[in-house]
Amino acid sequence: MHGDTGVSRGEHSPGRDGGDTLPTDELEELVAACVEAEVRGDQAAVEALLSARPSLAPAARAQIDDLRRSGLLEEQPEQIGPYRIRSLLGRGGMGAVYLAEQEQPVRRLVAVKLIKRGMDTGEVAVRFAAERQALALMSHEHIAKMFDAGATPDGRPYFVMEYVPGVPITEYSDAHRLDLDQRLAMFLQVCAGVRHAHLKGIVHRDLKPSNVLVTEQDGRPVPKIIDFGIAKAVDQRLTADSLRTTAGMLLGTPEYMSPEQAGGDPFDVDLRTDVYSLGVILYELLTGTLPFAPQRLRRDYGQLIDILRSEDPPPPSRQLTRHADTVEMARRRSTTPTLLRRRVRRELDWICCRAMEKERNRRYASVDELAADIRRYLAHEPVLAGPPSDLYRIRKFVRRYRVQVGAAVLVLAAIVAALGISLNALAKEARANALAAQALAGETKARAAAEHDFQRALDAVEQLMHRVAEETLDNLPHMTQVRRQLAADAAAFCR
């Protein structure tokens, strides 16, 4: 089991002065080693660790000082109840988790979670009791089991749960170079565990790789969900006291947090919050990166809300093209960059984006639906998720850029109005031209008809004159000269 240090793995964190960033993995390991030495009371070991890493020492000292001021650093106890403490596994906002040894009635290693000093009353104590009761309600192979609960002599509550000697699901997948099918098969086991919790009326609210540890049993990987510390009862009260959360209090991990959870209203969280977090874990299993850069989400609360509510992350296949080392990233998935992008494109893009929809009504309604679509994909069957429609994309664009779209609409309206006036004038001119052309065509037609009639009249006169000349005057003596004269007169008349 691992505590939450509040810094994501594989990223960089800004220095105190806002200057160059420091490698978070190395800084986190250094702080963890120093904390472990300090809780043992070995201050010389702390100084030796810091002296060996001079570039990281100032930032590490600052984090250790913060832990001291917050009360998170305290000496490691030798015994908690009947459990003998062996080492520190991790620290979080509520307390510490220790690896301990149980001797009676069975001999085994267990994880003991002890609430930190000064936080054993009020809301935190209620939340701690809720976690204990939540675990007691659940019994599933992919959820860490709870064995016992109690309180120390000074009244600090603790509970004892199954020790999971594993690593986060993303680290295990990369270290063993699991291909996509193997990763999806293991992810389905996680979905089964979350489904069991949901059937018990429990929302985890902090699903992330460090809370999904993978151990091996009989040579096969078995993921286990841990840390229901901020779980919420959906259908029942988990404790005799009300489990209240102050409105606006941010609970969870920003990188895996749903938009409604980031809003801070505890009554606005339901089962689909865990669906969103599972979508982010799936995204990370596929691409090796997160949908949004942690440094952007952790900059300030206002920016976190704005990003989660308005920005759409790139689909996993597109994120793969942006990876700094695509060859290594693909190698960890036992494939090549080209084949990996081809596998992820379309169906896996759709499934991830559907699980991470900002509007929860557009997400999978349950973990069952998410798991069913993954099984369809693995069986080469059509998935229910699909790409957003053009109308939906337009609506999202308008909502995000409301002011700009409003201004553009006004400009477009002015252009359309001006264009309408111009088109109306052109239409009037076209109608006038058409009428003029029609009148000209009528005049031309009438002139042609008149000329045709005139020609027919001339033909009739000519035929009459010919007939008179041939039939009547031809037999009269001395009429040759008369016929010539008539012909000449007729020709002159025709001209």
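His 380 lies in the loop between H15 and helix H16 (390–400). In this predicted model, His 380 has a positive phi of about 60°, although the residue is not a glycine. His 380 is exposed, because its relative accessible area is 74%, over the 50% cut-off. Asp 218 also has a positive phi, near 55°, and is likewise a residue other than glycine. Asp 218 is found in the loop between strand S11 (212–217) and strand S12 (220–225). With a relative accessibility of 83%, Asp 218 counts as exposed. A further backbone feature falls in the loop between S5 and S6, where Pro 105 is located. The peptide bond joining Gln 104 and Pro 105 is cis, with omega about -5°.

The protein chain contains 18 helices and 13 strands. Of its 495 residues, 41% are buried. Contacts between residues at least 6 apart in sequence were also examined: 63% of them join residues at least 24 apart. The accessible surface comes to about 26500 Å². Carbon and sulfur atoms account for 54% of that surface.

Six strands make up an open sheet. Their order is S3-S4-S5-S6-S8-S7, and the pairing is antiparallel. Strand S3 (79–80) and S7 are the edge strands, each pairing on one side only. In general, strands of a sheet pair through backbone hydrogen bonds, either parallel or antiparallel. S3 is joined to strand S4 (residues 83–91) by two bridges. Gln 79 stands opposite Arg 84 in S4. S3 and S4 form a hairpin, with two residues between them. Gly 81, in the turn of this hairpin, has a positive phi of about 60°. S4 then pairs with strand S5 (residues 95–102) over six bridges, in the antiparallel sense. Within this pairing, Tyr 98 in S5 is the bridge partner of Leu 88. Strand S6 (residues 108–115) and S8 are antiparallel as well, paired over five bridges. Here Val 112 stands opposite Val 160 in S8.

The loop between strand S7 (146–151) and strand S8 (157–162) holds Thr 152. Thr 152 counts as buried because its relative accessibility is 15%, under the 20% cut-off. The side chain of Thr 152 makes a polar contact with the side chain of Asp 154, at 2.3 Å. Beyond its neighbours within four places in sequence, Thr 152 is in contact with Ile 80, Leu 114 and Tyr 158.

Helix H8 covers residues 271–287. Its 17 residues should span 24 Å at 1.5 Å a residue. The end C-alpha atoms of H8 are 25 Å apart, which agrees with that expectation. H8 is mostly covered, with 16 of its 17 residues buried. Gly 288 follows H8 and has a positive phi, near 80°.

Helix H14 (residues 347–355) also contributes buried residues. These are Leu 348, Asp 349, Trp 350, Ile 351, Cys 352 and Ala 355. The buried residues of H14 pack against H8 and four other partners: helix H6 (180–199), helix H11 (316–321), helix H13 (337–344) and helix H15 (367–378).

In soluble globular proteins, nonpolar side chains tend to be buried together. The largest nonpolar core of the model has 71 residues. Phe 187, Phe 228, Leu 278, Ile 351 and Leu 370 touch the most other members of this core. Leaving aside neighbours within four places in sequence, Phe 187 is in contact with Leu 278, Ile 281, Leu 282, Leu 285, Leu 370 and Ile 374. A second core, separate from the largest, has 25 residues. Its members include Ala 37, Ile 64, Tyr 98 and Val 160. Tyr 98 is also the bridge partner of Leu 88, and Val 160 stands opposite Val 112.

Key
Residues are numbered from 1 along each chain as its sequence is written. This is a predicted model: local features need pLDDT of at least 70, side-chain atom pairs count only at pLDDT 80 or more; totals for chains, interfaces and linings use all residues. Side-chain values use heavy atoms; hydrogens and water are left out. Buried means under 20% relative accessible area, exposed over 50%, partly exposed in between (1.4 Å probe, protein chains only). A polar contact is a pair of N or O atoms within 3.5 Å; within protein, one must be able to donate a hydrogen and the other to accept it, and residues adjacent in sequence count only if both atoms are side-chain atoms. Contact means heavy atoms within 4.5 Å. The expected span of a helix is 1.5 Å times one less than its number of residues. Two strands pair if DSSP finds at least two bridges between them. A nonpolar core is a set of buried Ala, Val, Leu, Ile, Met, Phe, Trp, Tyr and Cys residues joined through side-chain atoms within 4.5 Å. Accessible areas come from the Shrake-Rupley method with a 1.4 Å probe; for residues, only the protein chains shown count as cover.
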